[in-house]
Amino acid sequence: DLSSFHARTGGGLINGAHTRSIRELDADICESDRAMKPVLVVGAGFAGAVYARELAEAGVPVVVIDRRPSVGGNAHDCTNTDGLLIHKYGPHLFHTNMAKVVAWVSRFCELDEYRHRVQALLPNGKFVPLPVNITTVSEVYGRTFASTVELDAFMATVRIEFDEPRNAAEYLYSQIGKSLTDLFFRPYTRKMWNEELEDVHPSVVRRLQIRTDEQDLYFPNDKYQFLPRGGYTALFQSIFDHPNIVLSLNTGFSRELERDFDQVFNSMPIDEYFEFSLGELPYRSIRFHHRQEIGDAPKIAVTNFTDEGPFTRETTWNALPGNQASGRLAITKEEPCDYRDNNLERYYPVRTADNRHVALYHRYKELADRDPKMAFIGRCGTYQYLDMDQVINQSLQNVRIWLSNTTKSRFHSL
């Protein structure tokens, strides 16, 4: 029952405004068919939140657990001593072209428009827009281009053509040539992925839009760009606030929990679930270095570094909406590392040009597919490098398919 579940996990129950206590829930279950068990959702990030809310609204009782003490997964944010809102696990900027995703999120919070820009610090101390645009090329090559036509003609002389780029280096060479690639992407890739560009899958760098005009937005082609007013933590608290959801933080997953539930949607690393029986799936992590200093916030929140040092970028949180722009600045610098060197904090699945890690994931997925009551979800569960909008869209599609194929009467109502 839920009382014994809670006792075994040692978790901290977080009740929403309408959620009943464990004792009350347990009393209801005692009066009902014990075969009718709720659904377990492992992980309180975006994937788990979408599954939990959609199931709850369909009348399915849900227990959500997370081994962290907070909701939101890697999107979790909090205020510092100066009242500034800080994204604990690095900047999370919402951008998408999917209106249905925006409509779903906006049910739970107000949205503040925010169009993200990034600057890169060059070895000469100057700052240029990133991704590469006409201003960037002009500064790097020390020449002026009168039009995009003139820049296109110049870029044609430095590009190296590949019919089918096999890796990130070939893709970037085909777009911006060797000099710009080696300046902006090669040192960053070594730090971020611990790989050479030749060993990285081209999809990793295709995420960045290369421009030949003056457009300096980081996501120029995304119609919707925003931050949740009040922060991501408040957004997640609103999503989980439903009478059919019980949320237990500081609660790790263990196999013995499976007997308490008819279905598990699991966002934990799939290789960890199978005790690494086929080998480990690699992840990159980030060490965050925080500092405070007096000054005025830059107009651009994020700066990428082009040097060979250990840091990839820094964020000045004062430059984001809702934070004061002057006084004491809150700055976070990021140092990538292997997840095993950072308390097993997994942030980014590693995608290599030969897809060897993806092949290992599919072997794990074959094992998972043998158990119809266990479904892996989210970035770690599916070993995919997904943006927030992609996680929400994928989760909405899959949970609704599951609901359409499942008889709700199987599940005991809270």
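Helices and strands are here DSSP runs, helices of at least four residues and strands of at least two, numbered from the N terminus. The model described is a predicted one, and a convenient place to start is a single arginine. Arg68 sits in the loop that links β3 (62–65) to β4 (77–79). Although this residue belongs to a loop, Arg68 has a relative accessible area of 15% and is therefore buried, the cut-off being under 20%. Its side chain forms a polar contact of 2.6 Å with the side chain of Glu345. Setting aside residues up to four places away in sequence, Arg68 touches Gly73, Asn74, Tyr89, Leu249, Asn250, Glu345 and Tyr347. Glu345 thus appears both as a polar partner and in the list of touching residues.

Helix α3 comes next. It covers residues 46–57, and its twelve residues should span 16 Å at 1.5 Å a residue; the C-alpha atoms at its ends are 16 Å apart, so the expected and computed values agree. This helix is mostly covered, with eleven of its twelve residues buried. Among them are the aromatic residues Phe46 and Tyr51, and also Arg53 and Glu54. Small residues are buried in α3 as well, including Ala47, Gly48, Ala49, Ala52 and Ala56. Just after the helix, Gly59 adopts a positive phi of about 90 degrees.

Helix α6 (residues 148–158) offers another view of how a helix can be placed, and Glu150 is one of its residues. With a relative accessibility of 32%, Glu150 counts as partly exposed, because that value lies between the 20% and 50% cut-offs. A polar atom of the Glu150 side chain lies 3.2 Å from the backbone nitrogen of Ala146. Leaving out neighbours within four places in sequence, Glu150 is in contact with Arg143, Thr144 and Phe145. Along the chain, Glu150 and Thr212 are 62 residues apart, yet their C-alpha atoms are separated by 9.5 Å.

Which residues of α6 are buried? They are Leu151, Phe154, Met155 and Val158. Viewed down the helix axis, these buried residues fall within an arc of 100 degrees, so they line one face of α6. As background, an α-helix has 3.6 residues a turn, so residues three or four places apart point the same way. The buried residues of α6 pack against α5 (134–141) and α7 (168–184). Val149, Ala156 and Thr157, on the other side of α6, are exposed.

Turning to the strands, seven of them make up an open sheet with mixed pairing, in the order β9-β8-β14-β15-β16-β13-β17. The edges are formed by β9 (127–130) and β17 (348–349), each of which pairs on one side only. Within the sheet, β15 (residues 313–316) and β16 (residues 326–338) run antiparallel to each other and are joined by four bridges. One residue pair can be picked out here: Thr316 has Ile331, in β16, as its bridge partner.

Finally, the cysteines deserve a brief look. A disulfide is a covalent bond between the sulfur atoms of two cysteines. A search of the whole structure finds zero disulfides. Cys109 has a relative accessible area of 12% and is therefore buried. Cys380, at 14% relative accessibility, also counts as buried.

Note on methods:
Residues are numbered from 1 along each chain as its sequence is written. This is a predicted model: local features need pLDDT of at least 70, side-chain atom pairs count only at pLDDT 80 or more; totals for chains, interfaces and linings use all residues. Side-chain values use heavy atoms; hydrogens and water are left out. Buried means under 20% relative accessible area, exposed over 50%, partly exposed in between (1.4 Å probe, protein chains only). A polar contact is a pair of N or O atoms within 3.5 Å; within protein, one must be able to donate a hydrogen and the other to accept it, and residues adjacent in sequence count only if both atoms are side-chain atoms. Contact means heavy atoms within 4.5 Å. The expected span of a helix is 1.5 Å times one less than its number of residues. A disulfide is a pair of cysteine sulfur atoms within 2.5 Å. The arc is that of the directions from the helix axis to the C-beta atoms. Two strands pair if DSSP finds at least two bridges between them.
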